[in-house]
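Biologist: Before I use any of the descriptive terms for this protein, I would like to hear what each one rests on. Please show me the structure and we can go through them.

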Amino acid sequence: MSLSDKILNMYFATHRTCNLMCKYCYIPEETKKEPKVNDKVIIDALILLIRKIEFEKFKIGTFCLHGAEPSLMEPESLAEIIKQVNLHWQKNETLGLNVSIQTNGLNFTKDYLETIKKLIINPKKLRISFSIDPPKQVHDYLRNDSYDKAVQNMGEALRMGFPVGILSVVSRETYKYLNEFGEWLNLYGEKSKTDGNPYKIKFKFATGESALTEEEIKEFSYFLLDNDLLQFSQILTPGYCQQRGNECIWYEFDIFGNCYSCNKAYNNDGIFADWKKESFESIVNKRRNLYISEFQNSECFECEYELLCNSGCPLDRNYTGDMRGKALECNFIKTVFAESEKKGKYIYDIINNKI
Ligand code: SF4
Ligand code: SF4
């Protein structure tokens, strides 16, 4: 097993319940109704996970709190989690990493943020990624009228110096408000350029019933090209798991011992191992082979954009019709590169943000 296999880049899933009921929520109906987990159970599970990882001579790499809504815990508990993960990184001389959290933002009120800041002292120790689907009309429709509160809390986090990320989903609803969507991205993009915070703003495409049609994806691609918004696309940003296709590698461990590939498989069918009972060596091997045989369209093997795409995320691929086995983003990638190349801009320059 190579050294890089011994580093576990992971989500740590704290809850299966949430304080917001979005239209496209991925949590099964029956689990949404479960009571909120006691914070002590979460902290004990994390300490056990870290001990087992260290005992088996593995290390935590990237660590992101997730699922369904991790900020349901008290700020004191969140601060304790940050402390425990940092102790692990210090012990293993892992430098430059910080805990992150993916959140709907509703619990990150001024009071909550102030308590956290007081406990962790340096706000840079917690990267807060807000799920916001701009513009307001779209967010409110999909995310239960929560736009004002989420944006207000994001503003507080920015003011207090927490590194803030923004992750948006582009759906058929977004497509009705393209200009407003572009204006919103530009507004926060400018703020990012001048202040360095938000440190990251990215969008990904919705799947299932909310997904854009292939025709809409093409039109959306032209919209992004015309408005110079390509840098906000997750699939064009180097380093994301989707770009490795069937060889993607990421982990999501929950407090009960369940192992999932990532947040997209965070459901009962997505469990592939038990970290409380199995060795991490066995978990890594199982994870490596999890999607290795997922169907890929034969055209992908001859595609000039394969290095960026590799047929995309194995869980979000097209499953039917001519597009079967191709990435959700296939027509987006082809359109933006074909159009950019006509203007003398090439794939490596675009993915390295040299445009
Ligand atoms: S299944 Fe998709 S989202 Fe999950 S790790 Fe693999 S590429 Fe990433
Ligand atoms: S861009 Fe389309 S055809 Fe090319 S590798 Fe990706 S999914 Fe396959």
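The questions below take up the domains, two helix pairs and a ligand shell of this predicted model.

Biologist: How do you know where domain 1 and domain 2 begin and end?

Modeller: The bounds come from an automatic or database domain assignment. For this protein chain that assignment gives domain 1 as 4–289 and domain 2 as 298–351. Taken over C-alpha atoms, the centres of the two domains are 25 Å apart.

Biologist: What makes residues of domain 1 and domain 2 count as in contact, and how many do?

Modeller: The C-beta atoms of two residues, placed from the backbone, must lie within 7 Å. By that test, 20 residues of domain 1 are in contact with 20 residues of domain 2. On the domain 1 side, helix H9 (residues 214–226) supplies the largest share, six residues. That side of domain 1 divides into 10 nonpolar, six polar and four charged residues.

Biologist: Why are H4 and H6 called roughly parallel?

Modeller: Their axes cross at roughly 30°. Angles under 35 degrees count as roughly parallel, so H4 and H6 get that name. Helix H4 covers residues 110–120 and helix H6 residues 147–160, and their axes come within 9 Å. The crossing of H4 and H6 is right-handed.

Biologist: Which residues make the contact of H4 with H6?

Modeller: Lys110, Leu113 and Lys117 of H4, with Glu156, Ala157 and Met160 of H6. By class, the contact of H4 with H6 has three nonpolar, no polar and three charged residues.

Biologist: What is the angle between H9 and H12, and what is it called?

Modeller: H9 and H12 pack at about 40°, with their axes 9 Å apart. Roughly parallel requires an angle under 35 degrees and roughly perpendicular 65 to 115, so about 40° counts as oblique. The crossing of H9 and H12 is right-handed. From H9, Glu214, Ile217, Lys218, Ser221, Leu224 and Leu225 meet Asn331, Phe332, Thr335, Val336 and Glu339 of H12. The contact of H9 with H12 divides into five nonpolar, three polar and three charged residues.

Biologist: What makes a residue part of the shell around ligand 2?

Modeller: Its C-beta atom, placed from the backbone, must lie within 6 Å of the ligand. For ligand 2, 14 residues surround it, and the closest are Cys300, Cys303, Cys309, Lys326 and Cys330. Helix H11 (306–309) and helix H12 (330–342) are the elements that give two or more residues. H12 gives the most, with three. The shell around ligand 2 comprises seven nonpolar, three polar and four charged residues.

Note on methods
Residues are numbered from 1 along each chain as its sequence is written. Chains are lettered from A and ligands numbered from 1 in the order in which they are written. This is a predicted model: local features need pLDDT of at least 70, side-chain atom pairs count only at pLDDT 80 or more; totals for chains, interfaces and linings use all residues. Helices (H or I, at least four residues) and strands (E, at least two) are DSSP runs, numbered from the N terminus. Ala, Val, Leu, Ile, Met, Phe, Trp, Tyr, Cys and Pro count as nonpolar, Asp, Glu, Lys and Arg as charged, and the others, Gly among them, as polar. Axes are lines fitted to C-alpha atoms, for helices over the stretch in contact, and angles run from 0 to 180 degrees between N-to-C directions. Angles under 35 degrees count as roughly parallel, over 145 as roughly antiparallel, 65 to 115 as roughly perpendicular and the rest as oblique. A crossing is left-handed if the near helix is turned anticlockwise from the far one by less than a right angle, and right-handed if clockwise.
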